[in-house]
Amino acid sequence: TIYENMDKQMTFEQSLRCREFEPDGPNYTPRISGIMHIENGTFNPKGTNGGAAIFNYGSVLINGGKFTTSGAYSLNNQAGSEMTINYAIVEGGIYNEGKLLTIKDGNIQTTRAGYSHVIYHNGTELVIEGGSFMGNGNEVINANSSIATINGGTFTKDPNGKTSYLM
């Protein structure tokens, strides 16, 4: 709701007032929403489920920082959302189903056993403007004919592997 209303030129506050709960009856989970601007810091989620450091359903701007996880992905950009990553260190990879994921430099990697790709892109658009990407296999997977624009960057397998490729 928030994203769609802001796309229609409503403010964030006006969009919040449109709905108080998620449409998940009979639970009606309270809506918790926000716009995040992250300036450096270290983000490592605690808990037994190994969740993402950020699970985005809105708009996130990351300027620096370090993001880790013990789960599948450090950053998770969900459908309809937007995420911009500037100069961050992401240890654990990125999952994208969002409208837009933009990466401008930074160090994005996944070297844990069982997780082969650094970015799994199944969203609308992915834009990479440089950076270092290292993983165990396919560093960028572009699924379902999504748009992926890569303007620079270094893509490699772990230190014992070979140069990677785009699928």
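Student: In β13, which residue is the bridge partner of Thr102?
Tutor: This is a predicted model: local features need pLDDT of at least 70, side-chain atom pairs count only at pLDDT 80 or more, and totals for chains, interfaces and linings use all residues. Residues are numbered from 1 along each chain as its sequence is written, and side-chain values use heavy atoms, leaving out hydrogens and water. Four bridges join β10 to strand β13 (residues 125–128), and the two run parallel. In β13, Thr102 has as its bridge partner Val127.

Student: How many bridges join β7 to strand β10?
Tutor: A strand is a DSSP run of E, at least two residues long, and a helix is a run of H or I, at least four, each numbered from the N terminus. Two strands pair if DSSP finds at least two bridges between them. β7 and β10 (residues 100–104) run parallel, and the bridges that join them number five.

Student: Which residue in β10 stands opposite Ile85?
Tutor: β7 and β10 run parallel. Opposite Ile85, in β10, stands Ile103.

Student: How many helices and strands does the protein have?
Tutor: Both kinds of element appear in the secondary structure. The totals are two helices and 17 strands.

Student: Which strands stand at the edges of the sheet β2-β5-β8-β11-β14-β17, and why is one side of each left without a neighbour?
Tutor: Six strands form this open sheet, with parallel pairing. Each edge strand has a single partner strand, so one of its sides has no neighbour in the sheet. The edge strands are β2 (42–43) and β17 (154–157).

Student: In β11, which residue does Glu91 stand opposite?
Tutor: Strands β8 (residues 89–91) and β11 (residues 107–109) pair in the parallel sense over three bridges. Glu91 stands opposite Gln109.

Student: In β14, which residue is the bridge partner of Asn107?
Tutor: β11 and strand β14 (residues 132–135) also pair in the parallel sense, over three bridges. Asn107 has as its partner in β14 Ser132.

Student: Which residue in β17 stands opposite Phe133?
Tutor: Four bridges join β14 to β17, which run parallel. Opposite Phe133, in β17, stands Phe155.

Student: In the open sheet β3-β6-β9-β12-β15, which strands stand at the edges?
Tutor: Five strands make up this sheet, and the pairing is parallel. An edge strand has a single partner, so one side of it has no neighbour in the sheet. Those strands are β3 (54–56) and β15 (140–142).

Student: In β15, which residue is the bridge partner of Tyr120?
Tutor: Three bridges join strand β12 (residues 119–121) to β15, and they run parallel. Tyr120 has as its partner in β15 Ile141.

Student: What is the angle between the planes of Tyr95 and Tyr120?
Tutor: Phe, Tyr and Trp rings (for Trp, the six-membered one) pair if their centres lie within 6.5 Å; planes under 30 degrees apart count as stacked, over 60 as edge-to-face and the rest as tilted. The rings of Phe55 and Tyr57 have planes at 45°, so that pair is tilted. Tyr95 and Tyr120 form a stacked pair, 5.5 Å centre to centre, with a plane angle of 0°.

Student: How many residues apart in sequence are the parts that this pair ties together?
Tutor: Tyr95 lies in strand β9 (residues 94–96) and Tyr120 in strand β12. The pair therefore ties together parts whose separation in sequence, in residues, is 25.

Student: Is Ser81 buried or exposed?
Tutor: Buried means under 20% relative accessible area, exposed over 50%, and partly exposed in between (1.4 Å probe, protein chains only). Ser81 sits in the loop between β6 (75–77) and β7 (82–86). Its relative accessibility is 0%, so Ser81 counts as buried.

Student: Is Asn144 buried or exposed?
Tutor: Asn144 lies in the loop between β15 and β16 (147–150). Its C-alpha is 6.4 Å from that of Asn122, 22 residues away in sequence. The relative accessible area of Asn144 is 63%, so Asn144 is exposed.

Student: In the largest nonpolar core, which residues touch the most other members?
Tutor: A nonpolar core is a set of buried Ala, Val, Leu, Ile, Met, Phe, Trp, Tyr and Cys residues joined through side-chain atoms within 4.5 Å. The largest one has 21 residues. Those that touch the most other members are Ile62, Leu75, Ile85, Ile94, Ile103 and Ile119.
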